[in-house]
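Me: Please take a close look at the site around the ligand, and describe its surroundings and contacts in one connected account.

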Amino acid sequence: MSKNICFIDGLEGILKYREIDINQLVDLSYDAVSYLLIQGELPGDKELAEYSARLQGEREINREVMDVIRMYKLNIDAMEALRTVVSFISQFDPDLNDSSTEANMRKSIRLIAKIPTIIAAYYRVASGKEPVPPDRSLSHGANFLYMIRGSKPSKLEAEVIEKDFILSAEHELNASTFSSRVTASTLADLYSAVVSGLCTLKGPLHGGARAEVMTMIQEIACPENAEKYILEKMGKKEKIMGFGHRVYKTYDPRGTLFKQLSKQLAEAKGDMHWYETAEVIENTVVRELVEKKGKPIYPNVDFYSAVIYMYMDIPPQLATSIFAIGRVSGWIAHSFDQYEKKKIIRPRAFMLDEC
Ligand SMILES: CC(C)(COP(=O)(O)OP(=O)(O)OC[C@H]1O[C@@H](n2cnc3c(N)ncnc32)[C@H](O)[C@@H]1OP(=O)(O)O)[C@@H](O)C(=O)NCCC(=O)NCCS
């Protein structure tokens, strides 16, 4: 029997993909973790080399796709471009309507490989620059940063973005994965399942929270302003983005890892002010909501990952789409699971009352 795609203990703050703790997985490559999620087992050296080579070989996008990307306006959320372009590229996939396991694997590789290229090309064009073609010699993370910047990232930045993709890759039946599963349950093709996931990830209560955290921290600007800003927001009964989770009632283990990574980046850049601003926000929220009111509202996956993007000069408009670069492997793993079940998901309306 195949291992569960994901295990979460929301009270103890434990997260595993295919029975392996996230604290172990975070030191692997994204390719290895993506293979684990989709195939159910970690790859051996030979399988990993083959899988990585196939991903690297599928990174390019064709001229027609570039033409569509060039039609996008400046300064939109990259998710708007991404959901349309992923839908558009399906027509070029020779396996689109072949639902065999082998064809689905080929489509998975194309989707995982091309999504970073689409986002980077959109970003370059929207910034008035020429797109940078992918570099096959670079890892999934390093290549993405290279394509958005036009220069190779530092070793630390490449490691951090790779870990960001890994930590974002899978989280059981979150809203976007549920959407993907519902679409796959109708036996619609894999591109349709991934587009469903993208549309759902966009919302500010899900993946969109990351961009809102970045905007909030930029608005606060320095550690000295943070406490007053958060108390005022709470006084107006507004939610603080990047905090709280439907499943975790303690620290989100991804949030803890992201906090360590953002500190490492801050130290390497010799600029602690975004990190320290975030820490004051965290301390204020935990003091006011957890300690004083007993509500289990801790930093979630979107909080310190937003700080990481700020240190890497990634603009808020790209934040949710970068989440999708990681999460696509989870959507695919769940879609495959659903294809095997061959059973449509059709809840009754009264079940919505429990959501
Ligand atoms: C993630 C989220 C949607 C979970 O929602 P949920 O499980 O339905 O939690 P609830 O909305 O029932 O929250 C429970 C209580 O905590 C409060 N709360 C939850 N998240 C909060 C936040 N981020 N800031 C302030 N208060 C919050 C709620 O107002 C509610 O208070 P009440 O009992 O007085 O009404 C919610 O925490 C949220 O909106 N967070 C901000 C958006 C975000 O970061 N999303 C990314 C998730 S990974």
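Reply: In sorting residues by character, Ala, Val, Leu, Ile, Met, Phe, Trp, Tyr, Cys and Pro count as nonpolar, Asp, Glu, Lys and Arg as charged, and the others, Gly among them, as polar. On that basis the shell around the ligand comprises 7 nonpolar, 5 polar and 4 charged residues. The model is predicted, with local features requiring pLDDT of at least 70 and side-chain atom pairs pLDDT 80 or more, whereas totals for chains, interfaces and linings use all residues. Residues are numbered from 1 along each chain as its sequence is written, and side-chain values use heavy atoms, without hydrogens or water.

The ligand is surrounded by 16 residues (a residue is near a molecule if one of its heavy atoms lies within 4 Å of it), and the closest are Ile-240, Gly-242, Phe-243, Arg-246 and Lys-295. Three of these names return among the polar contacts, which are pairs of N or O atoms within 3.5 Å. A polar backbone atom of Phe-243 lies 2.8 Å from a nitrogen atom of the ligand, while an N or O atom in the side chain of Arg-246 is 2.7 Å from a ligand oxygen atom. For Lys-295, a polar side-chain atom is found 2.9 Å from an oxygen atom of the ligand. Of the 860 Å² of accessible area that the ligand has on its own, the protein covers 68%, as computed by the Shrake-Rupley method with a 1.4 Å probe.

As for the whole protein, its C-alpha trace spans about 55 × 50 × 40 Å along the principal axes.

Conventions. A polar contact is a pair of N or O atoms within 3.5 Å; within protein, one must be able to donate a hydrogen and the other to accept it, and residues adjacent in sequence count only if both atoms are side-chain atoms.
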